Amino acid sequence: MFGECGLRLPCLGRGRRRAAAAGKELEPVLLVSGIGGSVLNARNKKTGRKICVWVRILLANLEFKKYAWSIYNPETGYVESLDPDYELVVPEDDYGLHAIDILDPSWWAKCLHLTEVYHFHDMIDMLVECGYEKGTTLFGYGYDFRQSNRIDKALDDLRVKLESAYKASGGKKVNIISHSMGGLLLRCFISLYNDVFAKYVNKWICIACPFQGAPGCINDSLLTGLQFVYGFESFFFVSRWTMHQLLIECPSIYEMLPNPDFNWKQQPVIQVWRKPSEDNEAVELDVYDSTQCISLFEEALRDNELTYNGKSIALPFNFSIFKWAADTRQILDNAQLPSSVGFYNIYGTSFDTPYDVCYGSETSPITDLSEICHTMVSDTSSLYNLCILMLFQSLIVEISEFLMVGSQPQYTYVDGDGTVPAESAKADGFAAVARVAVKSAHRELLKDKRVFQLLKQWLGVNENSQHSMSSSKVMDVSIEPIPTQLSTRHLL
């Protein structure tokens, strides 16, 4: 990042040359991000001018609404920006690594070391220190995470990236490290391009993938949105409701709904404390399982809309996307790992992970299901924070979004990484060389020292490995924790 500061010492130069030489002997590594894990730029179709819309801190909400809000096209399966003059693109700088490194690449975000936007950064640094060389043995793959995990462009670009890494390294097969939803993208690729995957891939190391869905997080995100940053930092980030209005039109979100055909230990549900009418004092607890919740989504989102350029656009639950996602689930379930590829699964444990969601309460029930969409968690409860917001009016377009506080949704929790239940993350259905539980949160897994130890071992760059995991029948292994301090909730 800031390594090139103009000071060139002979000893450091020799070190870089030794690392580069070592890198030529290593098998190439391709890093694949998950949802929200790629820089997205809005590019003017006529002039080519680019504006960063994800991730950015300054003017985040305003620019996100203007350029990232989208609508699904059922004829093509693609999500298209509401502004017809712009399209969202992923930067290819630094062999694809720039897009997944520091998600807000602005100079001031780097100077302030805002770790909330540091994504694959620590892992990239670790691999470079191990001798991997960018463009020869180290590559990144970011993509438009609004789109479906099986959309042609994402899979075609991934095929090109695998072929490029293979050729750049002198014909060595690629080792892939994926995070979160990136695992679903790869699983779709395996299902649809199995021979290509077998040709170019040696090992696939999967981290925190929601193989069977992320019930609590995704169910709630379709109803109330998704918040990536909490606390004071959230005032300078995309708001939960602004994000919600994007996610309603994102096939990738629907594809992470809980798999209704998976044999869950206990089926995830959505509960609603409901009073049928104002005149009826009786309160009932309605329970919706993975199949019944579709009717809940339909009713709760029936009046959902956004305002864009002064026009109202209806955004109800999208049944066209739901049907597309159901077909994607079949593709995911049909994936067969090539016998020549070694598969490794790292998943997070020991964090309370949302599973069931409950809206309303027995004493404060919901009369109209559309009220659910306003039971949003808000961090603007203190007068001090409200004053801070007022000082930065130019950064926040609609303060009212942050004040929409109803009865907050209540969760029941299971073991996982805070986002993906361990039950889902380890249910890959493949003959894994190793399946390892690490006590860490979803996004923190990307910089966890224990994860780095496993990566070095499996990639063959740790000469003093004490443990060998070469059997496809290795049992799940739990790694003891190293104390860390977490300041935010974590990305998908």
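Visitor: Which residue is the bridge partner of Leu30 in S7?
Guide: In this predicted model, Leu30 has Phe139 as its bridge partner in S7. The two strands involved are S1, which covers residues 29-32, and S7, and they pair in the parallel sense over four bridges.

Visitor: And which way do the residues of S7 point?
Guide: Strand S7 spans residues 138-141, with Leu138 and Gly140 pointing one way and Phe139 and Tyr141 pointing the other way, and all of them are buried.

Visitor: Does Leu30 turn up anywhere else, say, which residues have the most contacts inside the largest nonpolar core?
Guide: Leu30 is one of those residues, and it is listed together with Trp54, Leu162, Ile176, Phe197, Trp204 and Phe297 in a core of 102 residues. Helix H6, residues 182-192, gives the most to this core, with six residues. There is also a second, separate core of 31 residues, which includes Leu26, Ile124, Tyr344 and Val438. As a general background, nonpolar side chains in soluble globular proteins tend to be buried together.

Visitor: Where is Val438 found, then?
Guide: Val438 is found in strand S17, which runs over residues 434-438.

Visitor: Buried or exposed?
Guide: Val438 counts as buried, because its relative accessibility is 0% and the cut-off for buried is under 20%. From C-alpha to C-alpha, Val438 lies 8.9 Å from Asp448, and these two residues are 10 apart in sequence.

Visitor: Changing topic: in what order do the three strands of the open sheet come?
Guide: The order is S3-S2-S6, and the pairing is antiparallel. Strand S3 (50-54) and strand S6 (86-89) stand at the edges with a single partner strand each, so one side of each is left without a neighbour in the sheet. Neighbouring strands of this sheet are turned by 30° against each other on average, direction ignored.

Visitor: How many bridges are there between S2 and S3?
Guide: There are four bridges between S3 and strand S2, residues 40-44, and the two pair in the antiparallel sense. Within that pairing, Arg43 stands opposite Lys50 in S3.

Visitor: What lies across S2, S3 and S6?
Guide: Helix H2, made up of residues 60-67, lies across those strands, and it runs at about 110° to S3.

Visitor: What about the sheet with four strands, what is its order?
Guide: That open sheet has the order S11-S10-S15-S16, and its pairing is mixed. Strand S11 (284-288) and S16 are at the edges, and because each has a single partner strand, one side of each is left without a neighbour in the sheet. The twist from one strand to the next averages 30°.

Visitor: How do S10 and S11 run?
Guide: They run antiparallel and are joined by five bridges, and one pair of bridge partners is Ile270 with Tyr288 in S11. Helix H11 lies across S10 and S11, running at about 55° to S10.

Visitor: Why is helix H8 largely enclosed by the rest of the structure?
Guide: The reason is that 10 of the 10 residues of H8, which covers residues 215-224, are buried. Among them are Pro215, Cys217, Asn219, Asp220 and Thr224.

Visitor: What do those buried residues pack against?
Guide: They pack against helix H9 (240-247), helix H10 (251-254), strand S10 (270-274), helix H11 (293-300), strand S15 (351-359) and strand S16 (410-416). H8 is followed by Gly225, whose phi is positive, near 100°.

Visitor: On to empty space: what volume does the second largest pocket have?
Guide: Its volume is about 580 Å³, and 28 residues line the pocket, of which Leu88, Val89, Asp144, Lys153 and Asp157 lie nearest its centre.

Visitor: Where does the largest share of that lining come from?
Guide: Helix H5 supplies the largest share of the lining of the second largest pocket, with six residues. H5 (152-168), strand S5 (79-81), S6 and S7 each supply at least two residues of that lining.

Visitor: One last thing, where is His119?
Guide: His119 is in the loop between helix H3 (107-111) and helix H4 (121-129), and it is buried, with a relative accessible area of 2%. The C-alpha atoms of His119 and Asp104 are separated by 9.7 Å, and the two residues are 15 apart along the chain.

Key: Residues are numbered from 1 along each chain as its sequence is written. This is a predicted model: local features need pLDDT of at least 70, side-chain atom pairs count only at pLDDT 80 or more; totals for chains, interfaces and linings use all residues. Side-chain values use heavy atoms; hydrogens and water are left out. Buried means under 20% relative accessible area, exposed over 50%, partly exposed in between (1.4 Å probe, protein chains only). Two strands pair if DSSP finds at least two bridges between them. Axes are lines fitted to C-alpha atoms, for helices over the stretch in contact, and angles run from 0 to 180 degrees between N-to-C directions. Contact means heavy atoms within 4.5 Å. A nonpolar core is a set of buried Ala, Val, Leu, Ile, Met, Phe, Trp, Tyr and Cys residues joined through side-chain atoms within 4.5 Å. On a 1 Å grid over the protein atoms alone, a cavity is a set of points where a 1.4 Å probe fits but cannot get out, and a pocket is an open set with protein on both sides within 12 Å along at least five of seven lines; lining residues have an atom within 4 Å of a point. Grid points are joined across faces, edges and corners, and a volume is the space filled by probe spheres set on the points.
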